[in-house]
Amino acid sequence: MSILSGILPLYKPAGMTSHDCVMKVRRITRMKRVGHTGTLDPGVTGVLPICIGPATKVADYLHEVPKVYRATMKIGTATDTQDASGVVVERKSVEPPLTEAQVRAVLARFIGEFEQVPPMYSAVKVGGKRLHEWARQGKTVERKPRRVTVYEMTIENMALEREQPEVTFTVTCSKGTYIRTLCVDIGAALGFPAHMTRLQRIKSGPFTLDECVTLEQVEQAQAEGRLAELLYSLDQGLTQYPAVTVPAGRVKAILNGLNQRHLKGGNWQIGDRLRLYSPDGAFLALHEVIDIDREKGVESKPVRVFPEGEA
């Protein structure tokens with residue numbers, strides 16, 4: 001019997017932690033090697049890729065890719081958790097009313113790389129304890145700012161006529177970006193307290209909401225013996241890297257962990273990573289460019305080899 005292996009693009013429901021989802025999938029599949037690819041808070045819904053079996057080898061790579069979220073920000077009140085689950089700690093009347101031009105101009109200022117301080121209600125560890133544990137003890141501790149990147153923000157809807165205006169937007173960002181903190185910072189830049197009321201991850205790596213399945217669908221597929229049909233091959237978790245086909249005579253060498261010379265086909269730089277495939281389309285390895293010869297091609301070394309049967 002073949003080992004179950006692949007990436008399951010799960011739709012995470014509200015009320016469950018990412019760890020809860022992993023444990024549920026473990027129970028359904030009866031497999032221990034199950035892991036998620038980026039934590040979502042309990043109240044957040046959306047795309048949560050789950051790696052199963054040998055596919056857990058690519059979980060870290062999926063965690064590194066940019067994510068896309070849809071968020072709604074309410075302006076005029078702030079909460080202690082920076083989202084709707086918290087206690088209101090500040091109110092301010094939004095006067096004079098904000099204009100669309102003001103909101104668009106401020107959001108544009110948050111596109112790029114900048115420092116962000118993790119919120120107290122988060123899983124970041126300080127002094128051996130997670131920040132949300134300190135927060136629940138009524139303590140605020142110093143947090144080091146982190147470099148994050150917002151690649152794109154698009155406004156979907158603005159309800160600025162309300163007593164507490166709301167703005168819904170999508171944001172493409174690097175790992176480790178706190179969208180609720182982004183909402184608070186945008187509000188501050190507008191001159192008002194703010195917090196996040198809704199958040200949904202709509203894309204993680206190559207996986208979108210349209211490709212997601214629910215836990216109920218996973219259970220049904222398992223009961224009907226077709227769970228493997230819901231899984232994507234592990235190299236789908238590496239599509240951020242270019243694909244290169246090696247000659248048939250080099251397949252065995254690549255699987256044995258040897259370097260590959262004279263690769264051509266792209267304007268690659270040292271440090272770039274490549275997906276290597278055999279001529280028949282079998283995924284072989286993830287390589288990193290270590291030398292460049294503009295005439296003969298680049299040389300790459302293995303980062304991770306995926307023996308036949310694991311990909």
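**Exercise 1. State the accessible surface of the chain and the share that belongs to carbon and sulfur atoms.**

Solution. The accessible surface of the chain comes to about 15700 Å². Carbon and sulfur atoms contribute 48% of that area. These values are computed from a predicted model. The C-alpha trace spans about 70 × 50 × 40 Å along its principal axes, and buried residues make up 47% of the 311 residues.

**Exercise 2. Determine how far apart the mean positions of the positive and negative charges of the chain lie.**

Solution. The chain carries 41 positive and 35 negative charges. Their mean positions are 6 Å apart.

**Exercise 3. Decide whether T149 is buried or exposed, and list its contacts.**

Solution. First, locate the residue: T149 belongs to strand β10, which covers residues 146–159. Next, apply the cut-off: a residue is buried under 20% relative accessible area. T149 has 18% relative accessibility and therefore counts as buried. Finally, leaving aside residues up to four places away in sequence, T149 touches G112, E113, T172, C173, S174 and T177.

**Exercise 4. Identify the strands that pair with β18 (residues 297–305), and give a bridge partner for each pairing.**

Solution. Begin with β17 (residues 283–293), which runs antiparallel to β18 and is joined to β18 by eight bridges. Within this pairing, H287 has P302 as its bridge partner. A hairpin of three residues connects β17 to β18. Then consider β15 (residues 260–263): two bridges link β15 to β18, again in antiparallel orientation. Here Q260 stands opposite S300. Strands β15, β17 and β18 are among the 18 strands of the chain, which also has seven helices.

Conventions: Residues are numbered from 1 along each chain as its sequence is written. This is a predicted model: local features need pLDDT of at least 70, side-chain atom pairs count only at pLDDT 80 or more; totals for chains, interfaces and linings use all residues. Side-chain values use heavy atoms; hydrogens and water are left out. Helices (H or I, at least four residues) and strands (E, at least two) are DSSP runs, numbered from the N terminus. Buried means under 20% relative accessible area, exposed over 50%, partly exposed in between (1.4 Å probe, protein chains only). Accessible areas come from the Shrake-Rupley method with a 1.4 Å probe; for residues, only the protein chains shown count as cover. Lys and Arg count as positive and Asp and Glu as negative; His and the chain ends are not counted. The place of a charge is taken as NZ of Lys, CZ of Arg, CG of Asp or CD of Glu. Contact means heavy atoms within 4.5 Å. Two strands pair if DSSP finds at least two bridges between them.
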